[in-house]
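Good morning, colleagues. Please take a moment to look at the sequence and the structure on the screen before I begin.

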Amino acid sequence: MATADLLLHPVRLRIVEAFLGDRALTTSALAAELADVPPASLYRHVARLVNAGVLAIVAERRVRGALERTYMLRLTAAAVGLDEVAAMSADDHRQAFMAFVAGLLGDFDRYLARGDIDLLRDGVTYRMAGLWLDDAEYTELLRELTRVLQPRLANPPQPGRKRRILGYVLLPGSEAAPHPGEKAASHPDDEAASRPGGDAPRAEPPSPNPKRRSP
């Protein structure tokens, strides 16, 4: 099981993300995707993830005298243990969440930098919604999300499929609940504070992974 310190490094977080979706990548293919990361730094971070058991070597071959390795992500290892999560301080969680959000911002910036962007065409969306749920309803929501997404997480790569990045955050709201017998007033903006590019929320089953996403 990896540690938060290992996974929540900006470069290592991007490396882990690159392998999501059962991808097998060589270091050269990984370097092409993370072209802004200096090769020496990239190889050093890959080596750390291999030593920690997060990346597994699945193939080796000689290319012009050099040994080229192919890696895959070990999802069970690319997670922060629940015991460590429970022991994290408020500041630890703040730093972890900042790393998570910084990763999302970086992904979005790189998407915008492509130039020819179309949120509707590309299926890019982000939104926020407020839900009134008791504990049992909330648990059922998580189960339903898992039922919907789990079969799709098992989809292998094939022609016509695009890898999609999926991010997920759930937080308790700070609004006071209405008094018994009162009906909460609704407002059009309550459903979605921001949802350019479509209506679909970005969500995935709850996971101790600091960033589990699949473009």
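I shall go from the overall fold to helix 8, and then to a few individual residues.

Please keep in mind that this is a predicted model. The protein chain contains 9 helices and 3 strands. In sequence order, these elements follow the pattern α-α-β-α-α-β-β-α-α-α-α-α. Of the 215 residues in the protein chain, 28% are buried. The chain has an accessible surface of about 14,100 Å², and carbon and sulfur atoms account for 56% of that area.

Let me turn to helix 8, which covers residues 135-153. Does its length agree with expectation or disagree? Its 19 residues, at 1.5 Å a residue, should span 27 Å, and the C-alpha atoms at its ends lie 26 Å apart, so the two values agree. The helix nevertheless has a bend of about 25° at Arg147, and a proline, Pro151, follows within four residues. At the start of helix 8 there is also a contact from a side chain to the backbone: a side-chain oxygen of Asp134 comes to within 3.1 Å of the backbone nitrogen of Ala136.

Just ahead of that helix is a stretch of interest for the surface. Leu133 sits in the loop that joins helix 7, residues 119-122, to helix 8. Together with Leu131, Tyr138 and Leu170, Leu133 forms a nonpolar patch on the surface, and the four residues share about 350 Å² of accessible area. Leu133 itself has a relative accessible area of 38%; because this lies between the 20% and 50% limits, Leu133 is classed as partly exposed.

Next, the backbone. Which residue other than glycine has a positive phi, near 60°? That residue is Asp22. Asp22 belongs to the loop between helix 2, residues 10-19, and strand 1, residues 24-26. Its relative accessibility is 47%, and therefore Asp22 too counts as partly exposed.

My last residue is another aspartate, Asp107, located in helix 6, which runs over residues 90-112. Is Asp107 buried or exposed? Its relative accessible area is 15%, which is under the 20% limit, so Asp107 is buried. Asp107 and Arg14 are separated by 93 residues in sequence, yet their C-alpha atoms are 8.9 Å apart in space.

To conclude, I would draw your attention again to the bend of helix 8 at Arg147, to the nonpolar patch that includes Leu133, and to the buried Asp107 in helix 6. Thank you; I welcome your questions.

Terms used
Residues are numbered from 1 along each chain as its sequence is written. This is a predicted model: local features need pLDDT of at least 70, side-chain atom pairs count only at pLDDT 80 or more; totals for chains, interfaces and linings use all residues. Side-chain values use heavy atoms; hydrogens and water are left out. Patches are made of residues with over 30% relative accessible area and no salt bridge: like charges are joined within 9 Å, nonpolar side chains (Val, Leu, Ile, Met, Phe, Trp, Tyr) within 5 Å. Accessible areas come from the Shrake-Rupley method with a 1.4 Å probe; for residues, only the protein chains shown count as cover. A salt bridge is a side-chain nitrogen of Lys or Arg within 4 Å of a carboxyl oxygen of Asp or Glu. Helices (H or I, at least four residues) and strands (E, at least two) are DSSP runs, numbered from the N terminus. Buried means under 20% relative accessible area, exposed over 50%, partly exposed in between (1.4 Å probe, protein chains only). The expected span of a helix is 1.5 Å times one less than its number of residues. The bend at a residue is the angle between axes fitted to the seven residues ending there and the seven starting there. A polar contact is a pair of N or O atoms within 3.5 Å; within protein, one must be able to donate a hydrogen and the other to accept it, and residues adjacent in sequence count only if both atoms are side-chain atoms.
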